[in-house]
Every structure is written in C-alpha cells, then in structure tokens.
Amino acid sequence: MDVLPMRILFATSEVYPLIKTGGLADVSYSLPIALKKLGHDVKIILPFYRSIKDKINSESCHFEGKVFGYIGDIKIYSTFLSEEHPIDVFLVDAPDLFDRDGGPYTDALNEEWGDSAYRFTVFSRVVAMLGNNQLALKWVPDLVHCNDWQTGLAIPLLQLEKNAPASLFTIHNLAYQGNFSKEEFDHLLLPETWWSIDGIEFYGECSFLKAGVLNANWVTTVSPTYAKEVQTPVYGERFDGILQHRQEHFIGILNGVDYQQWSPQIDPYIDTHYSINNLEMKGLNKEALQEKIGLPVSGKIPLFGMICRMAYQKGVDLVIESLPNILKQDIQVVILGSGDIYYETALEKIQKEFPNKLSITFGYNEELSHQIEAGSDFFLMPSRYEPCGLNQIYSLSYGTLPVVRNTGGLADTVIDATDKNILDKIATGFVFNEPTAIQLVAAVNRALKVYRKGKHFRQMRLTAMKQDFSWEKSSLEYEKLYRLAVKNVKNNKRN
Ligand code: ADP
C-alpha cells in the first residue's frame, strides 16, 4: 500500500476564518486540517480580499510578477490558516480585482460583481502557474484540488503544460456554474479552441464549472445522495448529461464537520457547556438565547431555530408559507439569515404579527449561529436541494433535532423518527419528502408530538449527539482518490 505523503494544493474562493459566505469556507478549513493529520503537505490558495487584508499582517511577499491576461503585477503573500493550525495559505493579491468593499462574489449592496469572470480567471491562472511550478515558490504539488466554478478554469489551464500535476474538482453546489457570455469569453484570452462542445461552451455561454467537471482526473460532490440526484434532469441543472458522461470518475463524499468548532462541550460562544451526560444544561442555553433575541423566556415552549442563506434553495419560501400556521401553536421560532431582500421583507411582516413567537436577525453572525444551535430544540432545514448541508450536522451534535427534506446530504445524515426508528433508538430527526408547506407543517407537528412525549425526545437527542460526522472518514476517501489520480497521471506520462 502506498503511504507516501502527497503535496496538495487546495484552491478555493473562501476559507474560514479568513473569509466565509457558506459551507465551502468550513470545508476549506477543516478538510486541509484533516489531510494534514493524515501526514500530507497541504497548502491553500485564496484571493487576497480586502476583508482579509484588514485582518492579518502580510509582510512576506513570495512572488511578484506578471500573469498572462492581467496588466498589473500579481503578488503572492502568505498567512497561516490559524494559530492552532499553521497551514500555509497563499493569498493572491491583485488589488483592482479583490481589494474592494463587499464580499467575494457580491458588492456591499449584495449585487453580483460584474467582472467575476475576469477576477476568477486571473485567480485560476495563478493557481495553475503555482501548480505547474511557474512561480518559483520552491514547492510543487502532486495534486491540485479545485473547488466550485471560481477555480474550475485552473484545471484545463494547468493541463496546458506537459507535466501538469493530477487534479480533483469538487462541486459544492451545482446551481452556481460561473456561466458567462461569448463576449466575456473573448475578453478572457483563453484558448479559442475551448469555445466548443468539448471545451467549456455550455448552452451558448461558457461555463467555468464545466471546465472543472470535464477536465479533472476525479470529480466529487459533497454527499452520495446529491451525487446520484445531479445525474437526473430534476436536480442536474443542465449538467446531468455531462456528469453521467463522467460517472466513472464522479463520486459523492460526505462533508465532515470540525467538532473543535461545533461541540456543546467546548463551544466558546455558548453560555453553558453540556454533553450527553448533563443534557439538562442545554436548557440554560435556551433561556439565554430567548433573552438575547427578545422572546419570552420559558424552558417549556418548544423553540425552532433556522440559520441559512436566504435563498430559494433553502426553502425559505416554504417556511414563510408555513409560519402563520405553525405559529398558531405555543411555539417559538428564531431565524438568522442573510440574502434575498424579498424574503427578509416577507419575514418581517410575519414577525410583526407574532412578535412574541418569532425572532428574526438579518445579517451574518457567527456567535449567534452557535447560540441558536445550542439553544434551540429543533432545527428547520427544508431545503429544495442540499448538496451536503452542515447546519443539520451541527444540530445533531448539539442535540437540536433537525426537521429536514429528504434530499442530498440531508437524506444522508438525518434518520427519520418513524415509530420503528424511534423504538430501535436510531431516529435523529424529522424527514419529509415533498417541498411543500403542507409537508413541512406535518413534519413540525410530528416533532411537537415527540417533544410533548419527553421520553422519546430525550432519547432522540442522545442518539443525535452520538452521531459522528468527523472528517476522519471522509478525508480518507479523498486521500484514496488523490492517490488514484496521481498514479493515473504518472502512468500517462510514462506512456
Ligand atoms: P450553504 O453552504 O449552502 O450556505 P451549509 O449548511 O453547507 O449551507 O453551510 C452554511 C454555513 O454557513 C454554516 O456554517 C452556517 O452556520 C453558516 N451560516 C449561514 N448563514 C449564516 C448567518 N446568517 N450567520 C452565521 N452563519 C451562517
């Protein structure tokens, strides 16, 4: 068996704690840590956004020079992932592309940046140059692991050179494809031959996601169920055929979670630590949360939490439709989210009707998100599709029973409270099938029924808290694919 350590370059557009908009940042933090634990030499590469510049001191510049297609000079700085985890993070500094107010993909008003095709083409060129040892960084990866459309182009760019390293491409969410017009393609100065059906042309546009999916040695997505779903027209977002075409090199690997960040025993953000041995202490977090968000403080009233990007994917519309119905009962709901203003307005309207039952916080708030996980009894996650989903896994760890739709990673991580599963002591949540308000309300009512029968509720919580979705297992699956890819590339070079 091959046990030699590999050098892995992990290319991503967000990494916790430097910059985060969603689950990709969490994975980009915890997977490299898990790979390092397996003995591999991992380095991360990320754009040097303004918000990161505000956070860190970056004195050492490792590279300064030209990159094809970009007028100014590119600089590469580095920092550590965190004090505890001194993994190198290369920061690609192209000030006119990344040193701006706003987020990685949107401006301060939540409008998409108009030049992201160009921004991430330049970033991908740098990734490919590093991968091909063209930046004199004295470090050459065996494999480049790219994530989502922002780094998709890096893979065929890498392969323009003869001795390119192996590659793996992970789809964290198929709905985000990085599709741009022919006019934009022409400005990017990519090889003209790429504008073809076998290249990155995609329904009259060019697709950066397609660049990664077609060319990587291996393609993964973030749960086994989602990997199956996306090969069908319903979930495939027009990529079902392409993914079927790659099916022998396409698999789903469930994301792990970092229990150093998300455990009620050690979570620094929560009021009172607890575990399966003193579960009753969870109640103190509920009271602290109720007080913080301005709801009546009562241990008895069941509290449902929800944390998400306010997007159609997350089924926010289903929650909005269900709330007037479920809030008629003696329950409380706390929602934390940011995103679509339409949903915010609709939720605000309901909040005015039920001020003592519904609390809504708009914006991004790491601390509150932990407190909601610890303080809630149930967690709502009625996604229309869910590549993996992390919040339902965090919820399990906090004994906060998830109410989820039967799709993607939700289906792979939550075990429904059927009578049999409850009796077998394996149930961990409430799963419903169709994305309708009626089914969501029914699942909430099932949860309330179990809540009122305290015995089963406690048992389910204990079972949930014992689940283990750490990276140990999943990182081994990535390692296996990396080895296959590296071996394959070496063999091809020999032939
Ligand atoms: P996605 O990546 O599709 O947004 P995931 O469930 O995989 O969904 O991951 C979402 C991550 O982002 C979780 O860590 C979650 O706690 C966090 N998150 C989402 N919205 C917020 C918010 N408004 N405030 C704090 N954390 C948030």
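A residue is near a molecule if one of its heavy atoms lies within 4 Å of it. The close-ups below come from a predicted model.

**View 1. The shell around the ligand holds 20 residues.** The closest are Gly23, Asp26, Arg309, Lys314 and Gly363. By residue class, the shell divides into seven nonpolar, nine polar and four charged.

**View 2. Gly23, Lys314 and Leu390 each place an atom by a ligand oxygen.** For Gly23, a backbone N or O atom lies 2.6 Å from an oxygen atom of the ligand. Lys314 uses its side chain: a polar atom there lies 2.8 Å from a ligand oxygen. At Leu390, a backbone N or O atom lies 3.0 Å from an oxygen atom of the ligand. The ligand taken alone exposes 560 Å², and the protein buries 94% of that. Two or more shell residues come from each of helix H1 (23-37), strand S13 (303-310), strand S14 (332-339) and helix H14 (391-397).

**View 3. Helix H7 is largely enclosed by the rest of the structure.** Six of its eight residues are buried. These are Phe208, Leu209, Lys210, Ala211, Gly212 and Val213. At the start of H7, Ser207 points a side-chain oxygen at the backbone: this oxygen reaches to within 3.3 Å of the backbone nitrogen of Leu209.

**View 4. Asn217 sits in the loop between helix H7 (208-215) and strand S11 (218-221).** Asn217 has a relative accessible area of 16%, so it counts as buried; the cut-off is under 20%. Its side chain reaches the backbone nitrogen of Ser167 at 2.8 Å. Neighbours within four places in sequence aside, Asn217 is in contact with Ala166, Ser167, Arg246, His249, Ala485, Asn488 and Val489.

**View 5. Cys308 is buried and has no sulfur partner within bonding distance.** The relative accessibility of Cys308 is 14%. The closest cysteine sulfur belongs to Cys388, 16 Å from that of Cys308. That is too far for a bond, because a disulfide needs the two sulfur atoms within 2.5 Å. Across the whole structure, a search finds zero disulfides.

**View 6. Cys61 is partly exposed.** Its relative accessibility is 35%. This value falls between the cut-offs, under 20% for buried and over 50% for exposed, so Cys61 belongs to neither class.

Terms used:
Residues numbered from 1 in each chain as written. Predicted model: local features only at pLDDT ≥ 70, side-chain atom pairs only at ≥ 80, totals over all residues. Heavy atoms only, no water. Helix = DSSP H or I, 4+ residues; strand = E, 2+ residues; numbered from the N terminus. Buried < 20%, exposed > 50% of the residue type's maximum accessible area, 1.4 Å probe, protein only. Polar contact = N/O pair within 3.5 Å; in protein donor to acceptor, adjacent residues only side chain to side chain. Contact = heavy atoms within 4.5 Å. Areas by Shrake-Rupley, 256 points an atom, 1.4 Å probe, with all protein chains shown as cover. Nonpolar A, V, L, I, M, F, W, Y, C, P; charged D, E, K, R; others polar.
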